[in-house]
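User: I'd like to practise reading charge pairs and helix burial in a structure. Could you walk me through one?

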Amino acid sequence: MDIKDYTLEEIGQFLKEKGYPEFYSKQIFCWVYKKRVEDFTLMTDISKEARIFLKDFFYFSKPKILKRFISKDGTEKFLFSLDDKNAIESVVIPEGKRLTLCISTQAGCRFGCRFCVSGIGGFKRNLKVSEIVNQFLTINDIIKPRIITNIVFMGIGEPLDNFDNLVKSIEILLSPYGVYFGKKRICISTCGIPPRIRELISLNLRVRLSISLHASCEEKRSLIMPVNKKYPLSEVIKVSKEYAKRTNFPVTFEYILIKDFNCSKEDAFKLAHLIRGINCKVNIIPYNFSPYFKWHSPSIYDINKFREALKKKRIFFTFRKSRGQDIEAACGQLRWVNINETETK
Ligand code: SAH
């Protein structure tokens, strides 16, 4: 068993059942996540007998980076091979004092948004807790002395569709004995799955939430996001409001601007109307081109018109510049690959 698949509580419980002190779990966490020591024999504050037992029972996965791409804008993309034939990608984005890590949660994606290449090969499997956490640990080790300041679950896959493993990996990242990352610096991005968002609320994790909206009416959203047929915009808006209220953090609404589709003045006004009264901000991002889809990014003129319309309605928004396009590391450009394909990638 891979020790990095388990939370502090689970390891504590396991130790107790096997007759060892439960608090060893805290020491193990410190060694693995703080001191970055992945060898039980070196964990000197744990009894020798327990160390031998743990070594027999658990192993430490060693993630393999197949390729590291560096963009001319400083964005970096890492291609990880997993134990099976799957490979996934993570991206590091420097921006001023921030260094944001974008993490994948699934190999492939089952949601098939009609603008995102992550779903093109369909869904392969959920990532394990260790595979999620290892993206952070490995990259943080490699890029030293720089440190990751923000984590976004915005890579390949739908985080809320791998709910249990997502939550466990966040618990490890947040744990004071583990990585001890700040809640406000972790963001989950979702295509909008209300029952899972309610579960997040009841778990009281209080990380940030970003909702991929991309349209301001049901018809248009259904055209580009099939998930809207099951969970309509109206439901997604309702639950976003609840999330913002309960966490006291603004939610972010992601809105891709697609030429001749969703970026007219009327679209902006409808958007403003839809989210009125919600503690939120809108993040607009021009569509990143992909040859798999028919869409294009709007002109600067159209983008500015959309921004002006939002301003007029007093909507707080940010404009996200696309990063890492030259290495296919921008939003919607990450994709699962079969390892046999990577030679040609
Ligand atoms: N499944 C999650 C997280 C992965 S997508 C979600 O839907 O939020 C991460 C972000 O990239 C989402 O906001 C997504 O809508 C956006 N995105 C996908 N394709 C894009 C494209 N071609 N151009 C710009 N953003 C895109």
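User: How many salt bridges does the count come to here?

Analyst: Happy to help. This is a predicted model, and the count comes to 21 salt bridges. The rule asks for a side-chain nitrogen of Lys or Arg within 4 Å of a carboxyl oxygen of Asp or Glu. Take Lys 4 and Glu 38, whose closest N and O atoms are 2.9 Å apart. That pair links distant parts of the chain, 34 residues apart: Lys 4 lies in the segment before helix H1, and Glu 38 in the loop between helix H2 and helix H3.

User: Which other residue forms a salt bridge with Glu 38?

Analyst: Lys 62 does, with 3.7 Å between the closest N and O atoms. Lys 62 sits in the loop between H3 and strand E1, 24 residues from Glu 38. Salt bridges that share partners join Lys 4, Arg 36, Glu 38, Lys 62, Asp 141 and Lys 144 into one network.

User: Is Lys 4 buried or exposed? And what about Lys 62?

Analyst: Buried means under 20% relative accessible area and exposed over 50%. Lys 4 has 1%, so Lys 4 is buried, whereas Lys 62, at 60%, counts as exposed.

User: How is helix H4 placed in the structure?

Analyst: Look at burial along the helix: 12 of the 14 residues of H4 are buried, so H4 is largely enclosed by the rest of the structure. Among the buried ones are Val 129, Ile 132, Phe 136 and Asn 140. Asp 141 of H4 forms a salt bridge with Arg 36 (2.9 Å, N to O), and Asp 141 is partly exposed, with a relative accessible area of 28%.

Note on methods:
Residues are numbered from 1 along each chain as its sequence is written. This is a predicted model: local features need pLDDT of at least 70, side-chain atom pairs count only at pLDDT 80 or more; totals for chains, interfaces and linings use all residues. Side-chain values use heavy atoms; hydrogens and water are left out. Buried means under 20% relative accessible area, exposed over 50%, partly exposed in between (1.4 Å probe, protein chains only). Helices (H or I, at least four residues) and strands (E, at least two) are DSSP runs, numbered from the N terminus.
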